[in-house]
Every structure is written in C-alpha cells, then in structure tokens.
Amino acid sequence: GCILKGDKVVLIGDHRQLPPVFNEDKKQKDLSPDELKQIYVFKELITNTIFKKLYDKAPDDIKCMLTKQYRMHNEIANMAISKFYVDCNNNTLLENGLSDQESDKMKSHTITIDSMTTGKCIISPDHHAYWIDSSVPARENERIYEEHQGTSSYNTYEIRIIKSLVQKIDACLSSSNSQDKPSVGIISFYASQNDKLRNTISTMKKNLKALDKIDVNTVDKFQGQERDIIIVSM
C-alpha cells in the first residue's frame, strides 16, 4: 500500500535469508486440480518475497548491494556467511568492514577452555569460530547417534556436550572476575532437541554466575537477533 502511494521508493532488504516455512497438506492426492492450483499460488506468496521478485526484475542501474559487514568477527563471517554472497564465478561479494586487527580488538573474548580428557586447549581468545566433533563417544557405550521422537529428533550426547560447554564458559568468566555478562543463544533444527536442551539449561541456570541470558530456540525464531555467543546443535 505504501509503495503504491510513493513518488519514489527505496527498498532495503536481503532475500538470501531463511525463507518462511510452508506446511503443506500431506493429503494433496485427494484434492482437485483447482484446489492444488490454489495451494501452489498460496505457497508462492508465502515462500517468495516481493523484495526478491522486484529485485530480480529491476534494471542494474537502479540496484546495488551493500558489500561490507561490521556485525560479526571476521573469522565468523569468512567461515559461515560469505559463502552465501557470491557472483556467478563463486567469488565472494561480501567484505569485512573492519580489518582483522580491528575486528580482534572490538570483538575480543577472554574465554579459555581446556579439554578434561587431554588437557589440550580447545577454546582460546585467538579464535571465534569452533567445530566440536560429536561422532566419537567420550564414554564407553555412550549413544552418539540421534534418536527419534514422533516426527522430530534429538541427540543426548550433543545435549551433554552443550551443557558442559556452557558450564565451562561460565566458570572461565567467573574465575576471571569479568564484568561482562554475555548473552548466549543455543540453536537446533529439531523441536525435540530444543525441548530437551531447554529443560537442561533451565535446571542448571541457578548455578551459573557469569552468563546473563541463555535462550534456546529454532533457527527461524533466532533469525535477525543477536547474541554474544551462539551454540548450534547440528
């Protein structure tokens, strides 16, 4: 409505985001061709943004891309974000607005965590993005595979890893008398995993001293938000 009234319109957005979820009726085989067509049209409206349609059709001389990001540490952007913004030759279009030195200074963290089994440092202030392998059990006969609950899935080993990680981060910050109380976001793709993670975190929250806010939710619920620390359960 606003666009139709405007003499000049500037649209700012990003269609390379997680699209809306469209829950299709699984009984479509019982529908008539007209009903199936209506569902298809409705799905198109839900899952394809107006911004993307207008952007694709707009001539090149009236559209541009904002190519610098300042939001996250360069290491995180280089690992996870820049892969989504590439040209037809797979060259990265997204640049970091801060130098690596500036990024280190502005987004520094003081967390150091050693492995309980090997004593090796597994998290240090030198890095800002980590992968933790959950394919090898830490205990004999421990289940490391995902289990199913209805149409969803959960993995108790990953839940235990995340619980331990949160406790160690809290202990590290507490022992350093840090005044910072970072917020934490824990993300999973499965409702069952999120439910079990939420219950686990709620029971241990009263014993945490340095972590201020811990939220557990799905990817689409977190999109657009920010947390100081993000833990993703794959």
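## Report on a predicted protein model

Ser-134 is situated in the loop that runs between strand E4 (121-123) and strand E5 (147-149). Helices (H or I, at least four residues) and strands (E, at least two) are DSSP runs, numbered from the N terminus. This is a predicted model, in which local features need pLDDT of at least 70 and side-chain atom pairs count only at pLDDT 80 or more, while totals for chains, interfaces and linings use all residues. Residues are numbered from 1 along each chain as its sequence is written, and side-chain values use heavy atoms, with hydrogens and water left out.

With a relative accessible area of 15%, Ser-134 is buried; buried means under 20% relative accessible area, exposed over 50%, and partly exposed in between (1.4 Å probe, protein chains only). The side chain of Ser-134 makes a polar contact of 3.2 Å with that of Glu-158. A polar contact is a pair of N or O atoms within 3.5 Å; within protein, one must be able to donate a hydrogen and the other to accept it, and residues adjacent in sequence count only if both atoms are side-chain atoms. When neighbours within four places in sequence are set aside, Ser-134 is in contact (heavy atoms within 4.5 Å) with Ile-144, Tyr-157, Glu-158 and Ile-161.

Arg-227 occupies the loop between helix H8 (219-222) and strand E9 (229-233). Its relative accessibility of 19% places Arg-227 among the buried residues. A polar contact of 2.7 Å links the side chains of Arg-227 and Asp-215. Apart from neighbours within four places in sequence, the contacts of Arg-227 are Ser-183, Val-184, Gly-185, Lys-213, Asp-215 and Phe-222.

Three further residues are listed below with their locations and relative accessibilities.

| Residue | Location | Relative accessibility |
|---|---|---|
| Val-21 | loop between helix H1 (2-5) and helix H2 (33-47) | 59%, exposed |
| Asn-90 | loop between helix H4 (74-81) and strand E2 (95-96) | 59%, exposed |
| Lys-37 | helix H2 | 58%, exposed |

Asn-90 is not a glycine, yet it has a positive phi of about 70 degrees. Most residues other than glycine have a negative phi. Val-21 and Lys-43 are 22 residues apart along the chain, and their C-alpha atoms are separated by 9.5 Å. For Lys-37 and Asn-155, which are 118 residues apart in sequence, the C-alpha to C-alpha distance is 39 Å.

The protein as a whole contains eight helices and nine strands. Its radius of gyration is 22 Å, whereas a compact globule of 234 residues would have a value near 17 Å; the radius is taken over C-alpha atoms, and the globule rule is 2.2 Å times the number of residues to the power 0.38. The C-alpha trace spans about 60 × 50 × 35 Å along its principal axes. Of the 234 residues, 26% are buried. Among contacts with a separation of 6 or more, 63% involve residues 24 or more positions apart.

The protein exposes about 17,100 Å², of which carbon and sulfur atoms supply 53%; accessible areas come from the Shrake-Rupley method with a 1.4 Å probe, and for residues only the protein chains shown count as cover. There are 32 positive and 33 negative side chains, and the centres of the two sets lie 4 Å apart. Lys and Arg count as positive and Asp and Glu as negative, without His and the chain ends, and the place of a charge is taken as NZ of Lys, CZ of Arg, CG of Asp or CD of Glu.
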